Amino acid sequence: MRYILFLLSISLYVYTYYCYTLEISHSCDGVTWESRGVVSIKTEKSLSGNFSQTPISSRLLSCLWLKAQTDEFYHVRAPVTFSEKESPSETAQFVHGFTKSRHLFCSDLYDSLTIYTDSKGGVLSLFSESKRGCVTGEEWSRGAKSQIKEKLSTSLHLVHAHQHPGPEPPVEEFLKEHIVEKEKKERGEDKSFFQKYWQYLLIGFVVYTLMGVLVKAPSEEGGESH
Amino acid sequence: MELSVLRYHTLCFIIFLFTGVWALYEEDIGKFDWHIRSIGPMKFSFFDQTHHTNRRVIISSELSVLASVTLRSGDLVWRRSLEEYRPIDTVLYRESTLITVSDNGKVVRRWDPESGHLQWEMSSEGEYETNESYINAYLNETNKIILLTSTKLKYYSVGGHLLIHKDLNMEMDGAVAFKMSVLKSSIILLLYNSNSKSVNWVSMLNSKVQENGIIQAFDNFREEHCLLVGMRSIVCLDKQTAKFYVATLEQSEFIVYTLIDLHIGPIDLTEESCIQISDHFSKVTPRFYFILSANRQFILELEFSDNSIRIVQSFSSDNSLLLFDDILENNIIVFSLTSDFTNLSVRCYDLYNEAYIDSLEITLAMNRFSGSPVRAVPYLFYKKGQSIGYRIIVSFQDGSFSLIQQTGRISWTRDEALSDIVSAKFITLSTTEENTIYSSVLLDSATSTNPVEGFYRMIYSQAIYVRDRILHIKQIILEPSIYNETLHEAIQPVQSAAIFVTRLGKVYCIDSKSGLFLWNLYLPHLTGYLSSIYEDTCIIKLINTSPESALVILGHSNSPDYCNGTVSIVVNPLTGEYMPNYPSCLSYNISQSVQLEEDGKVVAIALLDSDNTIHIFPDTYSLQPDTRLFMYTADAQTGEITGHHFSTNGDDTFKHVPTWSFILPRLREELVLFSVKNSAESIYANARVLSDRSVLYKYLNPHLTVLITESRNERKPCVYLYVLDGVSGRLIHQLYHSNARSTVPPILAENWIAYQIINLKEKRQEFIMLEMYEGKTVNNASTWTSFANINVLVLSRSFILPGDLYTMTVTSTNRGITPKDIILGFGNGQLFSLPKSFVEPKIPHELSKSPSPEPAKSPTPKIPLSYQRVINYNKSIDRLREILVAPAELESTCSVLAYGIDIFHTQSSPSKSFDKLAEDFGYTLIIGVLAVFLVFSLVGSSISVYRKTNQNWC
């Protein structure tokens, strides 16, 4: 029994260590916030998570619609998940993101939410992006139909901000190339035409000279006979 | 005879073989560049009299620079810049021995005063565990260097050998040395034992301890407020109780004297109140200085018989007062220097006769505002008639120092404030109204999209220029008296000038073409505006106000009494004169600024204060009704980068909404470097053509920002790079480098980012180039929006840097037609111009359908830096800090200005001077050849006509 309890507690610890939740809030003015849903994040090997969203309130939707008229913004935020010591200050309890309200309506209330985390799973940044912007006025007016939706459609992206190592000088490649070239030189692959075939050329030259001499000799003999 | 003639000819032939060899054409030296070499504000100074024909002054500056200047003109003879992180503690000089003690007594060096060559160096790195609070050195009559620090006593020979080394801390049971007095071979040391609260004294003769004793310290004992007077008495000043404590070395306790007993009057000891002893006093007389305040000082004398104190002479002035002294045989002359900023008065007091010498009194007018005198070093000498003469080197608050002759004349002045620049910026000056029109027309022609219209405007601007020059010449002929030669000769119609703001509060305007000083201002209350990431910086903006432009400098105030916020200086950029109707102090601290433009001209500045409130400068500027501003602020301490949006409320106020935030884990990462892209830069090309003739479109985001953070874990040093969009807060790219540090701010231009890291594992510096592309289709073709959904393709390449990179920048030209060069500034003061194409990343094989891979211009992993690419030839820049670049008038060239202790300006031509005729272009030859061809063609045609006529007749 103890063993099972121990295993359970260990697995609970591991689960809580590698899994955590973020409550995402949204707002139309950056002042009054409403819950948008909860993101569960697993940080085992690669980041993964899911987002359970709550329906958007009619107040917020109408507020967003008004903001879209004046080309203002839709705001989202997530709590800072660093430990208490690391929490930078009282003012920075949340990371914020935003997008244009108008763009949100143009993309039928479909947005993508990107959460950037560091190596320890702490949220660095939150980025909200509508799937499609309103390039023309027509697209914007067409976006009005999106008001009837009750819920935002969201694609969630979790990005580990410290996963791409920077480039290194290609020293090894260069050295390999250098060694290959050196070996080629040593093997003689890199020799010039004369260096490679000097023997044949020499033979040809000698034959040509000898032929010249031999041809000349009978003619001289012939001359004498003549 | 014949042999001697042969020798003569041989000698002539050999001499003929010696020719000068230069790295560039000799006639080009200094033609397009200028170089200002500085020393820094004076800290120590000595008159070097060993050269009778060419007397010199040896100067050691606050910036750890040792130099020798000529007494005649103040020109540099030699200069040695020592390590910045090892400040010079003290300098000793006697005849041909020049010694410097640096880095809390750790490094002792001897220099040749004539050439400035290092003769020897003794370093005791690792010997000192803690910072020594007291450093004193002495060069005694037996040519031994006695160096006393808080815990060590050392004797060096002038040959560079360590003779004696005593660990005082061990020998004296934890006592710390705080005073030393040397007379010939005898030394008295004073040490303070904080455990037993006692003062230990040790008398030594030839480094052997003769006597020692202990005196019980009093309650408020402070080592720095005590003196050793006449090698036998200790005098201490207790500031809290306004009392003198006196004890001879034989005594075990201090005797107390109140300052009221001295009949000084009402005692008001300030922070600057102290007692000081002169080397000249300590040898021959038990006298010392008592500085009560900046303008009230005394010479006091200690009576050994009863340890009483009397006033020898009191000095007071309504203005700032400085006392210093010198000895000439048996005469000790105390100089009192008073300054009311416009006049400088010197009075000489004979200490033996206790009387002023009226014949040595001088008053001279100061032709510039330099602040109060800070330090002065006199030199007494006998003139021909055995009368006493003197010279004084006086340093002032603004960092300058002057040589004052007894004749009441200032021989020379060296302005050294430029050695410590806080901010610098290129600006464009226009002298007259016509020139303003010319420059605006020229600007219009440059920005015009229609080539015909652009050509017309260019011709029109040239016509205005010619007209202006004719008017100018007419003015010289008709009204020469009112013509300001200096200004007009210096200023061409559209001229680039460099504005420098220095740490000492001095502002300079220098003609960037010639290096001529146009004007300067001294503002004692101005310091750099405190930036959380970089060192102090100021905001320098040129705003176009009607009828003339205004130069705005915003900086931090070093005096809350003067301004408890931001110091604002608004001057005419041509003359440096203050412009009326602008506030000199803003009541808020600035955390960010954005320039507001109309028709491509800066008309106002939006300043964001620490409470996220926007202020418009000048406040007379009326905002457009629908003004929207996106800004962001970065705080290195909290690791927060926050985006803000401001929109007008209908009136002149702004509504603030925080839009995005990027928060670093404060305990794990530290924001160290930050760079922003110049959104107004000209783009060279929108795309890169691949070898298969397809096109890869560049990601030309004008709002790019790069953050470089470092891991705080000392055992796992790591550099993280984040590329952000400054408007939307989107993280565009991020990467990390393990075992690395970064010290140079990254550069951003077009679609690329270049940055440097120090690879701690491989012990080398690396240069990394990132290029960002949108792909093979363009998304933001017409206007840029940060809210567009773009997948950015990032290509990267890393190189080994063959040097110690200090700073870098990228060239910029008027229209961006010229390819860009990266200017790399190295620790040895050299500037290399590296074509950006040399460090471009390779295109991956997947992107290009070409069967062969994209060729790389630089196949080696090391950046190819040949010395032909050094743009400052042998004019190296000491302690290089920053390089500024501004487009020049010609498209092919740009102005490059690099500064550290020195300032260097040159013109760089990344694609050579393709739009400029060579300096040695043969105008005469071309005209001559054309004329000859013309003559020949005329003669030839007439001959052919003649021959043809003849043929017809035949």
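## A tour from the chain A–chain B contact to the salt bridges of chain B

Start by selecting Lys655(B) and Glu72(A): the two form a salt bridge, and their closest N and O atoms are 3.3 Å apart. Keep in mind throughout that this is a predicted model.

**Stop 1: the contact between the chains**

Stay with that pair and look at what surrounds it. Between chain A and chain B the count is 2 salt bridges, and 11 residue pairs are in polar contact, both partners at pLDDT 80 or more. Now colour the side of chain A that touches chain B by element. Those giving two or more residues are the strands E4 (73-79), E5 (94-100), E7 (123-130) and E8 (153-160), together with helix H5 (171-187), of chain A. Which of the elements should you highlight for the largest share? Pick E5(A), which supplies 7 residues. Recolour that side by residue class and you should find 20 nonpolar, 17 polar and 12 charged residues.

Next, show both sides of the contact. Chain A brings 49 residues and chain B brings 44. The size of an interface is often given as the accessible area lost when the parts come together. For chain A and chain B, the buried area is about 3800 Å², and carbon and sulfur atoms give 59% of that.

**Stop 2: chain A on its own**

Hide chain B for a moment and switch chain A to a cartoon. You will see 6 helices and 8 strands. Walking along the sequence of chain A, the pattern reads α-β-β-β-α-β-β-α-β-β-α-β-α-α. Chain A has 226 residues, of which 38% count as buried. If you draw a contact map for chain A with a separation of 6 or more, residues 24 or more positions apart account for 62% of the contacts.

**Stop 3: strand E33 of chain B**

Bring chain B back and select residues 401-405, which make up strand E33(B). Are the residues of this strand buried or exposed? The strand is mostly covered, with 5 of its 5 residues buried. Turn on the side chains: Phe401(B), Leu403(B) and Gln405(B) point one way, while Ser402(B) and Ile404(B) point the other way.

Now add the strand partners. Residues 388-396 of chain B form strand E32, which runs antiparallel to E33(B) and is joined to E33(B) by 5 bridges. To find the register, look for Ile392(B), which stands opposite Ile404(B). The hairpin of E32(B) and E33(B) has 4 residues between the strands, and Gly399(B) there takes a positive phi near 90 degrees.

Then select residues 410-414 of chain B, strand E34, which pairs with E33(B) in the antiparallel sense over 4 bridges. Here Arg414(B) is the bridge partner of Phe401(B). E33(B) and E34(B) also form a hairpin with 4 residues between them, and Gly408(B) in the turn has a positive phi of about 85 degrees.

**Stop 4: salt bridges beyond E34(B)**

Step along the chain to Asp415(B) and show Lys506(B) as well. They form a salt bridge whose closest N and O atoms are 2.9 Å apart. Lys506(B) sits in strand E37 (residues 506-511) and Asp415(B) in the loop between E34 and strand E35 (421-430) of chain B, so the pair ties together parts that are 91 residues apart in sequence. With a relative accessible area of 1%, Lys506(B) is buried, whereas Asp415(B), at 27%, is partly exposed.

Now select Asp420(B) and Arg881(B), whose side chains meet in a salt bridge at 3.7 Å, N to O. Asp420(B) is in the loop between E34 and E35, and Arg881(B) is in the loop between strand E63 (831-835) and strand E64 (882-887) of chain B, so this pair ties together parts that are 461 residues apart in sequence. Arg881(B) counts as partly exposed, at 31% relative accessibility.

**Stop 5: a salt-bridge network**

For the last selection, pick Glu83(B), Arg86(B), Asp103(B), Arg109(B) and Glu121(B), which are linked in a network of salt bridges. Zoom in on Asp103(B) and Arg86(B), whose side chains meet at 3.2 Å, N to O. Asp103(B) lies in the loop between strand E7 (97-102) and strand E8 (107-111), and Arg86(B) in the loop between strand E5 (76-81) and strand E6 (88-94) of chain B, 17 residues apart. Both Asp103(B) and Arg86(B) are buried.

To finish, zoom out and display every salt bridge: a search of the whole structure finds 35 over all chains.

Terms used: Residues are numbered from 1 along each chain as its sequence is written. Chains are lettered from A and ligands numbered from 1 in the order in which they are written. This is a predicted model: local features need pLDDT of at least 70, side-chain atom pairs count only at pLDDT 80 or more; totals for chains, interfaces and linings use all residues. Side-chain values use heavy atoms; hydrogens and water are left out. Buried means under 20% relative accessible area, exposed over 50%, partly exposed in between (1.4 Å probe, protein chains only). Two strands pair if DSSP finds at least two bridges between them. Contact means heavy atoms within 4.5 Å. Buried area is the accessible area (1.4 Å probe) that two parts lose on being put together, summed over both. A salt bridge is a side-chain nitrogen of Lys or Arg within 4 Å of a carboxyl oxygen of Asp or Glu. A polar contact is a pair of N or O atoms within 3.5 Å; within protein, one must be able to donate a hydrogen and the other to accept it, and residues adjacent in sequence count only if both atoms are side-chain atoms. Ala, Val, Leu, Ile, Met, Phe, Trp, Tyr, Cys and Pro count as nonpolar, Asp, Glu, Lys and Arg as charged, and the others, Gly among them, as polar.
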